[in-house]
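Colleague: Could you walk me through this one slowly, please? I am new to reading structures and would like to ask as we go.

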Amino acid sequence: MLRKIFVLTLLATLLLAGCGPASPSTPTTAPVSTVAPATEVSTVAPTPIILTDGLGREVKLDAPAQRVVSLAPSNTEILFSIGAGRQVVGRDEFSDFPEQAKGLASIGGSMGQYSTEAIVALKPDLVLAAEINTPELVKQLEDLGLKVYYLKNPKTIEEMYGNLEIVGQLTGHDVTDLISSLKARVAAVDEKIATVTEKPMVFYEIDATDASKPYTYGPNTFGDLLITRAGGTNIGGALKDPYPQISLEQIVTSNPSIIVLGDSLYGINPDSVKARSGWASIEAVKNGNIFPFDDNLVSRPGPRLVDGLEQLAKLFHPELFK
Amino acid sequence: MKFRSYLFSLLALVLVLTLSLAIGSVFLSPSELWAALTGHGSQTSSAILWSIRLPRTVLIALTGMALSGSGAAYQGLFRNPLADPFLIGVASGAGLGAVIAMSVKWPYSFWGLMAIPMSAFAAALITVFIVYSLARVGKTIPTTNLILAGVAFSSFATSLTSFLMLRSTGEVRRALGWLLGGASQSGWTAILAIAPYLFIGLGILIFSGHAMNLLQFGDDQAQQLGLNVTRTKTILLISSSLATAAAVAFSGIIGFVGLIVPHVMRLWWGADYRRLIPLSIISGGTALLLSDVIARVILAPQEIPVGIVTALAGAPFFLWVLRRAKNQGYW
């Protein structure tokens, strides 16, 4: 018995005998072909792309990235919208738009835990992080020899165009047409809203698990920005925190004429709102102006913010969008 | 046989170490693993094995050892089966320190990234110092006072942490991930940073077995048997708090390991602290590593925070062990 244990221990020790500190692995970049086919004109090597990311780090790519791993749903949406969908090889757990993104390999992301193993196994030449990812994660991936670009959250729609340009540069896509069309759509909404004289009071519900203190968008959020730009008055905008809880009393006092249900994806519908006690006196409940809404259109800092703006404007001023 | 307990525990640790290197969210076949181990592996499998799994395994093992060792020490010090390393506020202090640090936008540099573990560590030690000072009565430190002061201060720190998290803008997710526990900083930096504190703290504990056995008789009896009770308690408190604070600073708050592992060791091998402390240390590493393997694999490629797995798996396991030993008065 003792002999068996001894031999087993020895074997196990031998197994780990090769342990030693790891040397950092260097990433393999796509090799530039040196043998040019006879019919091709000899091309100059592609110019390197050097950008400074949101953390102040310098990121250098020798050629546009062909294997991108996206660490945030907003990044996935940006990549697909600029036409780089085929260059994406992995995405985080929550990337669900567009439909093709769901078919890509997932690298984790719930509760802030990403599988660095899965990311490394995909052999990416660029990892696109967002503000929702921690600097620690960026450092981890950097230490593993991967190229990471940290895309800072935009604060306005115009800054979002800037992010589209950055990702366009990183993946080798021209985004001028996309940006022009987005600008045109936003300008169309702005034009119509400029003629508005009355801005309805709007209550945007993010979460009402506690119906006496629901969460809403406060100042300095895209929700607040888009509601205002779409010709509404966000009652949450008077509060201090960006994602505050607003008391039911405050809602009743402000008496919004429109309620937007950002939690409709979680099963909340206008009938469940009407059934809440204490909500019956609110004008929006009395005249039935309770609208389900896809919260992703105002919370993900990507091109779909323009969709969000248009949809909100149609909700607030339907007569202008016939 | 005198060293049977050590042999079994070490064997279990080695087994789970191997398991932790072999299993992960990406499947590597035994031949790929062997190739990577001997240096002939593909770049991906070598990177996964050496740069991801090995540092993480070592960090988790060290964390488990620290938490278990101090858990056993606290149980001996307070003579209370419910004592765990977070009893006098190390966890809540560290959490508060970390969340406060997270509300500042540190520059992306070596020291910027070390800011959060460092403030967690500092805050944990400050908390222990405050609790110790509050509990002191003249030249003695009554254990009841320590527990009461610790619980009160813990509640205060925890509610302050929750409040800060509510008021913060983008850091809630980061704070929550940290509080739930898990190796947030990988790589050898974290290991090098905590190793000295662990060596000092756990080293002192390993050699305090005899003193802790004496403490079990009660403060007065131990004093009469020749032990300088106040000095011993202070040294034990400092060393376990050092080890716990270092472990928590990088791995967040992982509950249950410090509470359950010493009890299991006690049930299996008896309550002699000269043996209990080293065994708890070894088995703590094993237990946390096993939980981490489960956390990595159960919903791959998603990874669950380790703290959740230790609670979910640890509780039933402990109840099972307790049932088997219920006829023996082990405490």
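Modeller: Gladly, and please keep in mind that this is a predicted model. To begin with chain A, there are twelve helices and eleven strands in that chain.

Colleague: How many residues does chain A have, and what share of them is buried?

Modeller: Chain A has 322 residues, and buried ones make up 42% of them. If you take the contacts in chain A between residues at least 6 apart in sequence, 58% of those contacts join residues at least 24 apart.

Colleague: In what order do the four strands of the open sheet in chain A come?

Modeller: The order is β9-β8-β10-β11 in chain A, and the pairing in this open sheet is parallel. The edges are taken by β9 (233-234) and β11 (290-292) of chain A, and because each of them has a single partner strand, one side of each is left without a neighbour in the sheet.

Colleague: And how many bridges join β10(A) to β8, and which residue partners Phe203(A)?

Modeller: Strand β8 of chain A, which covers residues 201-205, is joined to β10(A) by four bridges, and the two strands run parallel. The bridge partner of Phe203(A) is Ile259(A), which belongs to β10(A).

Colleague: What about the link from β10 to β11(A), how many bridges are there?

Modeller: There are three bridges between β10, residues 258-261 of chain A, and β11(A), and again the strands run parallel. Ile259(A) has Ile290(A) of β11(A) as its bridge partner, while Leu261(A) stands opposite Pro292(A) in β11(A).

Colleague: Are the residues on the two faces of β10(A) buried or exposed?

Modeller: They are buried on both faces, with Ile258(A) and Val260(A) on one side and Ile259(A) and Leu261(A) on the other. The general background is that side chains in a regular strand alternate between the two faces of the sheet.

Colleague: Switching to chain B, how many residues are in helix α8, and where does α8(B) bend?

Modeller: Helix α8 of chain B has 19 residues, 188-206, and from its first C-alpha to its last it reaches 25 Å, which is close to the 27 Å expected at 1.5 Å a residue. The bend in α8(B) is about 35 degrees and lies at Ile194(B), with a proline, Pro196(B), following within four residues.

Colleague: Which residues of α8(B) are buried, and what covers them?

Modeller: Among the buried ones are Ala190(B), Ile194(B), Tyr197(B) and Leu198(B). The cover over the buried residues of α8(B) includes α3 (43-78), α11 (229-251) and α13 (273-297) of chain B.

Technical notes:
Residues numbered from 1 in each chain as written. Chains lettered and ligands numbered in written order. Predicted model: local features only at pLDDT ≥ 70, side-chain atom pairs only at ≥ 80, totals over all residues. Expected span 1.5 Å × (residues − 1). Bend = angle between axes of the 7 residues up to and from the residue. Buried ≥ 20, exposed ≤ 12 C-beta atoms within 10 Å, placed from the backbone. Contact = placed C-beta atoms within 7 Å. Pairing = 2+ DSSP bridges.
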